[in-house]
Amino acid sequence: MIEFLTAALGFILAMLAIGLVRILRGPGDADRMMAAQLIGTGGIAALLLLGAVSGVSAAVDVALTLALLATFAAIAFVKKGTARLDATDHASTEGA
Amino acid sequence: MTTATVFGLFAAVAAGLGLYGLITNPQPLRKVLAFNLLGSGVFLFFGVVARRGAAAGFGGDPIPQALVITGMVVAFAATALALALLLRLFQATGSATLRADAPTSTDAGGP
Amino acid sequence: MKLVLDIMTVVAVSAGAFFFLAGTVGLLRFPDALTRLHALTKADNLGLGLVVLGLLPQAGSLRDGFKLVCVWLLVLIAGATVSQLIAYAARRDGPVP
Amino acid sequence: MTVGLALEIALAAVVLSVAVWTVAARDTFAAVGGFVAYGLLLTLVWMRLGAPDVALTEAAIGSGLTGAMLLAASARLRASEAAVAAERPGGIVRGLAALLSVVVAAALVASVLFLPDPAPTLAPAAAENAAATTLGNPVTNVLMAFRAMDTMLEKVVVLLALVGVWSLAPDRFWGGRPGPRHEADPNGVLAFLARLLPPVGIVVGIYILWVSADLPGGAFQGGAILAAMWLLVMMAGLTDAPQVSGRSLRLLLLAGPVVFLLVGLGGLALGEAFLAYPVAYAKPLILAIEFAMLLTIAVTLGLLVAGPPERESGS
């Protein structure tokens with residue numbers, strides 16, 4: 001079972017690595033936000049698998065924290081990114 | 001190769017990368033970012049030392065781990081202060097450069 | 001019983017990994033932002049959900065299992081909201097299809 | 001073990017490529033996005049290193065709060081980006097910087113490879129004295145008992161940083177409210193999330209503090225979660241940032257260090273030493289300090305992210 005879960009963990013890490021290409025390439029801010037969102041979710045999945053592999057039950061607590069804080073960072077990312085788009089549209093400098 | 005060695009090498013490269021970014025990138029915000037990268041490399045180094053010191057039934061030596069937790073919080077406080085300074089500089093001069101001879105639009109309200 | 005639980009883990013985690021694959025491929029290959037978002041939300045909701053479902057039989061205690069489900073619910077709520085906000089940004093960003 | 005090792009190398013490679021991106025990216029906003037992803041993946045590394053306490057801290061502070069703060073700053077500084085980016089140093093400087101970085105990294109590599117064997121460790125000493133506090137989590141023991149002085153001064157450092165940030169406010173805004181007022185659609189999705197998530201987040205934050213006696217957790221990690229929930233409500237426009245001259249706010253900011261100091265002085269008065277807990281009351285005293293600190297840390301971290309006052313107190 002450990003081997004299978006490790007393999008699944010490796011697979012999800014590989015998916016994350018490929019998803020990173022979107023952050024690199026863009027082209028738009030929206031694509032970067034999506035990639036960041038995918039990395040957040042995939043990171044949580046990887047963390048849960050890692051906890052199961054190494055038998056550390058505290059991994060679930062870390063995953064809970066990560067779920068809350070990754071959401072917070074994602075909201076900040078999207079909100080600032082959107083504000084930035086607005087700023088380009090209307091030539092306003094308000095960084096909400 | 002052990003877990004500690006793999007992540008030890010990783011820590012060394014991350015620290016080097018952070019140092020390079022800190023020196024070469026002209027934007028202060030990117031310098032702050034690079035400094036955090038450098039810091040994360042140093043913290044990981046502590047983590048490696050903690051991992052190698054696993055004994056007495058603990059997964060790692062708790063003392064370096066506690067030092068890293070303290071370090072991360074202090075790094076956060078320093079980053080917050082650096083960003084506030086940077087934003088104030090931008091507000092006061094209209095640019096965010098660290099060059100000494102940079103032209104300033106006004107000298108209003110600089111603390 | 002142990003075998004049944006293990007089989008459930010293998011099936012569910014594999015299915016979850018598949019949805020992560022689908023989401024990633026969609027993110028890379030789909031032509032515009034909104035279709036990419038469509039692919040992404042599958043990875044978010046189903047991918048993580050199935051991984052959590054697969055890990056439930058391996059959870060050490062009832063409390064750990066409960067927390068696992070909580071993680072999934074949190075990500076579900078947050079993912080739905082963030083996706084809406086991203087869609088708004090995408091509409092501004094690119095040409096409307 | 002070879003499967004595990006391959007996994008670790010793959011993980012290190014992925015995280016490292018994100019780090020390269022953070023340094024090399026042209027667009028600052030994208031680089032900061034990369035940094036948030038880097039912090040998130042670093043949490044996995046800390047878990048793999050067997051340090052869940054540090055993983056929690058990295059997840060909460062290293063990636064979440066620092067990331068949000070950097071994102072806000074980069075969105076505001078965008079107008080200045082192009083002009084400053086043109087000041088990129090010439091090839092020689094960059095070459096020398098690369099050389100220096102390689103030398104430093106090589107020195108670190110050498111010190112990793114030649115770390116003393118067997119590794120020096122204080123873990124047995126920490127295990128031996130754990131009975132004195134009856135706490136099950138060795139890291140909490142170190143933070144709250146064996147090196148409590150460090151932890152207390154760390155709180156003071158964070159508070160001083162906040163004073164430093166506030167002191168950057170222009171005179172007319174002194175004592176006002178930080179950041180712009182966020183106007184948001186009260187029926188929008190963000191407002192919905194900001195109503196739904198904080199109750200859950202508050203429970204998780206207190207839970208993380210509560211389990212820190214025996215399992216990974218702590219006041220800082222819990223406080224960071226509470227701060228994030230507060231900032232989320234502010235970002236959604238459901239509440240305004242507080243007036244930094246408010247009396248109850250100032251009291252909250254001081255509660256943690258003051259309780260810590262009082263307990264420390266109590267140890268001195270009872271004859272032992274500064275911060276010496278009477279053995280019979282060690283656990284309740286530590287928990288009392290941690291609860292007072294949870295509130296202080298949540299408010300301090302939230303205000304640090306919010307930045308200096310930018311509006312007059314009335315508006």
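This is a tutorial dialogue on reading the chain contacts, salt bridges and burial in a predicted model.

Me: Before looking at single residues, I would like to know which chains touch, so which pair of chains has the most contacts?

Reply: Among the 4 pairs of chains that touch, the most contacts are between chains B and D. Some pairs do not meet: no contact joins chain A and chain B, and their closest C-alpha atoms lie 10 Å apart, while chain B and chain C do not touch either, with their nearest C-alpha atoms 19 Å apart.

Me: How should I read the size of an interface, and what area is buried between chain D and chain B?

Reply: The size of an interface is often given as the accessible area lost when the parts come together. For chain D and chain B the buried area is about 7,300 Å², with carbon and sulfur atoms giving 80% of that area. On the side of chain D, Val23(D), Leu49(D) and Leu168(D) lose the most area to chain B, yet together they make up 9% of what that side buries. In terms of residues, 93 of chain D are in contact with 73 of chain B.

Me: Which kinds of residue does chain D present to chain B, and how many polar contacts cross between the two chains?

Reply: The side of chain D that touches chain B has 65 nonpolar, 12 polar and 16 charged residues. Across this interface there are 8 residue pairs in polar contact, both residues being at pLDDT 80 or more, and the count of salt bridges between the two chains is 0.

Me: What does the interface of chain D with chain C look like, taking its buried area as the starting point?

Reply: Here the buried area is about 710 Å², and carbon and sulfur atoms give 82% of it. The residues of chain D that lose the most area to chain C are Val189(D), Leu193(D) and Tyr207(D), together 55% of what that side buries. Contact is made by 8 residues of chain D with 8 residues of chain C. Across the interface there are 0 salt bridges, and 1 residue pair is in polar contact, both at pLDDT 80 or more. By class, the side of chain D that touches chain C has 8 nonpolar residues, with no polar and no charged ones.

Me: How do I read a salt bridge, and how many are there over all chains?

Reply: Side chains of opposite charge can pair when their charged atoms come close. Over all chains the count comes to 6 salt bridges. One of them is between the side chains of Asp61(A) and Lys67(C), at 2.7 Å from N to O. Asp61(A) belongs to helix 3 (residues 58-90) of chain A and Lys67(C) to helix 3 (residues 62-93) of chain C, so this pair joins two chains.

Me: Are these two partners buried or exposed?

Reply: Asp61(A) counts as buried because its relative accessibility is 2%, and Lys67(C), with a relative accessible area of 7%, is buried as well; the cut-off for this class is under 20%.

Me: Where in chain D do the partners Glu310(D) and Arg76(D) lie?

Reply: The side chains of Glu310(D) and Arg76(D) meet in a salt bridge of 3.1 Å, N to O. This pair links distant parts of the chain, with Glu310(D) in strand 2 (residues 309-311) and Arg76(D) in helix 3 (residues 52-76), 234 residues apart. Glu310(D) is partly exposed, at a relative accessible area of 23%.

Me: Which partner does Arg177(D) meet in a salt bridge?

Reply: The side chain of Arg177(D) meets that of Asp240(D), at 3.8 Å from N to O. Arg177(D) is in strand 1 (residues 177-178) of chain D, whereas Asp240(D) is in the loop between helix 10 (219-235) and helix 11 (247-269), 63 residues apart. Arg177(D) counts as buried at 19% relative accessibility, and Asp240(D) as partly exposed at 23%. Turning back to the pair that joins two chains, salt bridges that share partners join Asp61(A), Asp64(C) and Lys67(C) into one network.

Me: Which residues are in contact with Thr9(C), beyond its neighbours within four places in sequence?

Reply: Thr9(C), which lies in helix 1 (residues 2-29) of chain C, is in contact with Met1(A), Phe4(A), Leu5(A), Ser14(C), Gly54(C), Pro57(C) and Gln58(C), leaving those neighbours aside. Its relative accessibility is 0%, so Thr9(C) counts as buried.

Technical notes: Residues numbered from 1 in each chain as written. Chains lettered and ligands numbered in written order. Predicted model: local features only at pLDDT ≥ 70, side-chain atom pairs only at ≥ 80, totals over all residues. Heavy atoms only, no water. Contact = heavy atoms within 4.5 Å. Buried area = accessible area lost by both parts, 1.4 Å probe. Salt bridge = Lys/Arg side-chain N within 4 Å of Asp/Glu carboxyl O. Polar contact = N/O pair within 3.5 Å; in protein donor to acceptor, adjacent residues only side chain to side chain. Nonpolar A, V, L, I, M, F, W, Y, C, P; charged D, E, K, R; others polar. Helix = DSSP H or I, 4+ residues; strand = E, 2+ residues; numbered from the N terminus. Buried < 20%, exposed > 50% of the residue type's maximum accessible area, 1.4 Å probe, protein only.
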